[in-house]
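Reader: Hey, got a minute to walk through this one with me? I'd like to start with charges and rings.
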Amino acid sequence: MKKREVLAFDLGASNGRGILADYDGSRIHLREINRFSNSFNLMGGRAYWDVLRLIDNVKQGICVCDPVPESIGIDTWGVDFGLLDKTGGLISNPRSYRDDAFSIENMAEAMTRIGSESWLFYQTYLLNWEINPPFKLYYMKKYGQESLESVDTLLMMPNLIEYFLTGIKHSEYTTSATSQLFNLKKKCWAESLLDKLDIPKTWFTPVGYAGEILGPLSADVIRETGRRDLKVISVAGHDTASAALAAPARSKEFIFISSGTWSLMGFCSSKLLEDEKILSCRISNEGSWDGTYRPTVNISGLWILQECHRQWGNTGEQYSYDDLDAMALVEKPLQSLIRPDDFEKTGDYPRLIREYCQRTAQPVPEKPGQVVRCILESLALKYRQAFDMFKPYMNRQEAMYVVGGGVRNRLLNQFAANALNLPVITGPAEATAVGNILIQLEALGEVKGADQRSEIIKNSFESEVFMPQDKEVWEEAYGRFCGLYRYWGAEEKPT
């Protein structure tokens with residue numbers, strides 16, 4: 001058969017990539033076309049995304065791509081949005097979720113005006129988080145920091161970029177589902193919440209599912225790029241939704257971890273979780289690409305190891321990640337544990353981990369290998385804790401699928417299998433781009449259903465299976481892990 005080429009743009013909060021895929025009927029081959037940095041800019045004490053530079057980098061990727069692809073798809077991080085005026089112009093660069101103005105204190109104040117935690121949950125079926133759009137909009141209205149009177153349309157980030165490529169305003173389900181402005185049960189914008197926020201319903205466009213062919217590039221972008229026949233396809237705009245699609249699972253319900261700086265554990269399900277107990281478990285419903293659901297827990301992932309690596313480098317101790325894994329492997333297992341969610345801000349993590357272990361009456365890890373072992377074992381036990389929270393809502397699971405850059409950390413994969421007492425099966429490291437690509441191929445009629453997607457992933461990417469070991473030892477360690485507590489309180493934060 002004739003090869004089909006499609007181009008995926010995976011835009012993250014620190015960098016973006018254009019990845020070209022050619023599909024030969026059996027497997028896909030990936031080639032990076034361009035890579036570019038992305039970060040928020042501080043202006044007047046506020047944090048903004050430079051969305052115009054992002055769009056320019058996307059257009060550059062389209063221009064240099066050879067061979068010319070049939071289509072492109074855009075995925076980004078969640079929760080951020082852009083505002084357009086009546087002429088379709090961008091009112092200002094989108095505010096970043098890293099903006100300190102969007103704080104827990106602001107969220108608490110907003111909730112006293114808008115409604116209780118439970119009321120808010122049942123408007124959207126998402127957890128409250130200070131970086132979510134309702135609290136951003138509340139802050140922006142309160143302080144008049146944006147010209148909200150001029151707003152005609154609100155678009156989430158991937159749909160905003162698609163608009164500037166095509167001229168078409170639309171909203172896609174997975175990224176709308178991260179907005180906490182969309183009712184996942186009714187599959188429509190949350191009108192009662194919008195009324196409480198005094199936000200017009202006319203700001204929002206109808207919501208469609210991934211796989212919709214939006215159309216060609218706009219005339220202006222065709223003149224810039226010369227790509228007249230390129231189709232823009234609406235993929236799963238939320239990057240985690242795209243990553244989940246790349247798990248090599250054949251069943252419709254499966255549990256996965258998108259492993260990287262953050263570890264996002266979720267399971268794909270036809271059922272929306274409505275039990276109020278999930279509020280205390282901090283489980284958030286999100287949307288899967290086909291209109292179903294993806295209950296998810298955010299876990300502070302390999303960020304902790306990355307911060308230790310940075311700190312050791314700053315003090316002249318230069319180690320590769322392979323070196324650190326090798327040093328961890330020879331240390332005694334399960335000596336010291338931390339709660340990963342206690343480590344979310346930057347800091348001298350080797351020191352903070354030692355202090356944590358000292359205060360919780362555990363052996364203090366002094367050597368880098370001991371610190372790394374502590375981090376990876378603790379992450380694996382956190383996975384077990386999240387898995388146990390999901391158990392009442394899932395059918396029996398035969399395996400955990402791991403995708404994303406963290407699949408390269410074989411030691412963590414083995415520890416996860418041990419802690420979960422389940423086989424861990426790895427999928428593609430470039431999972432988000434692969435999910436983006438598979439949706440494009442399905443929209444073009446080349447791929448049909450989960451079985452064929454799973455077969456393509458199996459043919460295209462190496463996979464490993466990690467079998468559980470030392471069940472009793474890890475079970476005892478899990479009991480110790482669950483007994484830990486946050487050692488710094490409101491007045492004692494990590495620095």
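Author: Sure. This is a predicted model. In it, the charged end of R95 sits over the ring of Y48, 5.7 Å from the ring centre.

Reader: And R384, which ring does that lie over?
Author: R384 lies over the face of Y478, at 4.1 Å from the centre of the ring.

Reader: OK, ring on ring now. How many aromatic pairs does the structure hold?
Author: There are 21 aromatic pairs. One of them is Y122 with Y125: the ring centres are 5.7 Å apart and the planes sit at 85°, so that pair is edge-to-face. Y122 is partly exposed at 28% relative accessibility, whereas Y125 is buried at 6%.

Reader: What about W312 and Y319?
Author: Also edge-to-face, because their planes are at 90°, with the centres 6.1 Å apart. W312 counts as buried at 6% relative accessibility, and Y319 as partly exposed at 23%.

Reader: Which rings are linked into a cluster?
Author: Y173, F182, W189, F204 and Y209, through ring pairs.

Reader: Switching topic: how many disulfides?
Author: The count is zero. Take C357: its closest cysteine sulfur is in C374, 4.5 Å away, so that is too far for a bond, given that a disulfide needs the sulfurs within 2.5 Å. C357 is buried, at 0% relative accessible area.

Reader: And why no bond for C63?
Author: Because the closest cysteine sulfur, in C65, is 10 Å from the sulfur of C63. C63 is partly exposed, at 34%.

Reader: Last one: where's S37?
Author: In strand β3, which covers residues 28-37. Beyond its sequence neighbours within four places, S37 is in contact with S14, N15 and R53.

Notes: Residues numbered from 1 in each chain as written. Predicted model: local features only at pLDDT ≥ 70, side-chain atom pairs only at ≥ 80, totals over all residues. Heavy atoms only, no water. Helix = DSSP H or I, 4+ residues; strand = E, 2+ residues; numbered from the N terminus. Contact = heavy atoms within 4.5 Å. Buried < 20%, exposed > 50% of the residue type's maximum accessible area, 1.4 Å probe, protein only. Phe/Tyr/Trp six-rings, centres within 6.5 Å; stacked < 30°, edge-to-face > 60°. Lys NZ or Arg CZ within 6 Å of the ring centre and 35° of its normal.
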